[in-house]
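Me: I want to learn how labels in a structure are earned. Let me ask about them one by one.

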Amino acid sequence: MCDIIEKPSSVCLPALSNFTFGSKEPQYEKDPSVSARFKRLRSEFGMWGMRQTSEALLLLHEHKLPHVLLLQLGTAFFKLPGGEVRPGQDPRESLKETLDNLLCKETESESPTIDWKVTDVISQWWRPSFEPPQYPYIPPHVSCPKECRTIYLVDLPESATFAVPRNYRLVAAPLFELYDNSTSYGPVISSLPQLISRYNPIYL
């Protein structure tokens with residue numbers, strides 16, 4: 001008897017060579033330091049409750065090797081494009097606005113220059129306290145998490161022009177570099193290769 005292997009969902013990966021990269025005015029983080037970020041998190045928790053953050057997994061390929069687009073700040077800090085969700089705002093719409101603001105050219109038209117298609121939830125990470133540790137589950141002793149980070153798969157068009165703030169770099173990191181490399185990329189980004197493995201890539 002032959003085992004039936006479930007066919008994975010497919011995801012289209014455009015070629016890295018189809019994209020161009022420009023720059024625009026710098027955009028600075030809301031908080032000047034990690035300690036300032038958690039101080040603000042504590043202050044806002046009293047007013048709004050748990051913070052929600054939406055982040056984008058942007059996939060493309062080079063020579064049929066999947067890459068993830070990451071924002072690099074300085075020499076050693078990497079993050080997924082995304083940001084905080086305003087109270088009452090839809091997380092997916094918030095993510096589209098953030099991506100427009102971070103990665104699109106500045107134009108007089110209100111129409112975005114890239115059509116972001118926010119699809120699957122890839123993972124969620126929970127911060128149980130006003131400190132750096134976060135987990136891909138809510139610890140059983142935690143009744144009120146302080147932050148929830150939701151990572152969405154966002155389909156890219158076959159080609160586009162990115163405009164990146166000058167204080168950032170937009171880098172395409174291959175999956176083999178991210179895999180099991182929490183030392184360089186942290187636990188969230190280094191977990192992405194396993195999560196992406198549930199998809200069947202279609203190389204455009």
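Reply: Start with one definition: a charge sits over a ring if NZ of Lys or CZ of Arg is within 6 Å of the ring centre and within 35 degrees of the ring normal. Keep in mind that this is a predicted model.

Me: What makes the charged end of Lys146 count as sitting over the ring of Phe130?

Reply: Lys146 has its charged end 5.4 Å from the centre of the Phe130 ring. The limit is 6 Å. Lys146 also lies over the face of Phe45, at 5.2 Å from that ring centre.

Me: Why is Leu99 called buried or exposed?

Reply: Its relative accessible area is 0%. Buried means under 20%, so Leu99 is buried. Leu99 belongs to helix 2, residues 91–103. Beyond its neighbours within four places in sequence, Leu99 is in contact with Ala56, Pro81, Cys104, Trp116 and Val154. Take Trp116: it is 17 residues from Leu99 in sequence, and the two C-alpha atoms are 8.0 Å apart.

Me: And Val34: why is it called buried or exposed?

Reply: Val34 has a relative accessible area of 57%. Exposed means over 50%, so Val34 is exposed. Val34 is in helix 1, residues 34–48. From Val34 to Ala173 the C-alpha distance is 24 Å, with their positions 139 residues apart in sequence.

Me: How do you know whether Ser123 is buried or exposed?

Reply: Ser123 is at 12% relative accessibility. The cut-off for buried is under 20%, so Ser123 counts as buried. Ser123 lies in strand 7, residues 117–127. Residues up to four places away aside, Ser123 touches Arg149, Thr150, Ile151 and Leu195.

Me: What makes the link between the side chains of Ser123 and Trp125 a polar contact?

Reply: The distance is 3.4 Å. A polar contact needs N or O atoms within 3.5 Å, so this side-chain pair fits the distance limit.

Me: Why is the aromatic pair of Phe19 and Phe162 called stacked?

Reply: The structure holds 5 aromatic pairs. In the pair of Phe19 and Phe162, the centres are 5.5 Å apart and the planes make 15°. Centres must lie within 6.5 Å, and stacked planes are under 30 degrees apart, so this pair counts as stacked.

Me: What parts does the pair tie together?

Reply: Phe19 lies in strand 2 (residues 19–24) and Phe162 in strand 9 (residues 160–165), so the pair ties together parts 143 residues apart in sequence. Both Phe19 and Phe162 are buried. Ring pairs also link Phe19, Phe21 and Phe162 into a cluster.

Key
Residues are numbered from 1 along each chain as its sequence is written. This is a predicted model: local features need pLDDT of at least 70, side-chain atom pairs count only at pLDDT 80 or more; totals for chains, interfaces and linings use all residues. Side-chain values use heavy atoms; hydrogens and water are left out. Helices (H or I, at least four residues) and strands (E, at least two) are DSSP runs, numbered from the N terminus. Buried means under 20% relative accessible area, exposed over 50%, partly exposed in between (1.4 Å probe, protein chains only). A polar contact is a pair of N or O atoms within 3.5 Å; within protein, one must be able to donate a hydrogen and the other to accept it, and residues adjacent in sequence count only if both atoms are side-chain atoms. Contact means heavy atoms within 4.5 Å. Rings of Phe, Tyr and Trp (its six-membered ring) pair if their centres lie within 6.5 Å; planes under 30 degrees apart count as stacked, over 60 as edge-to-face and the rest as tilted.
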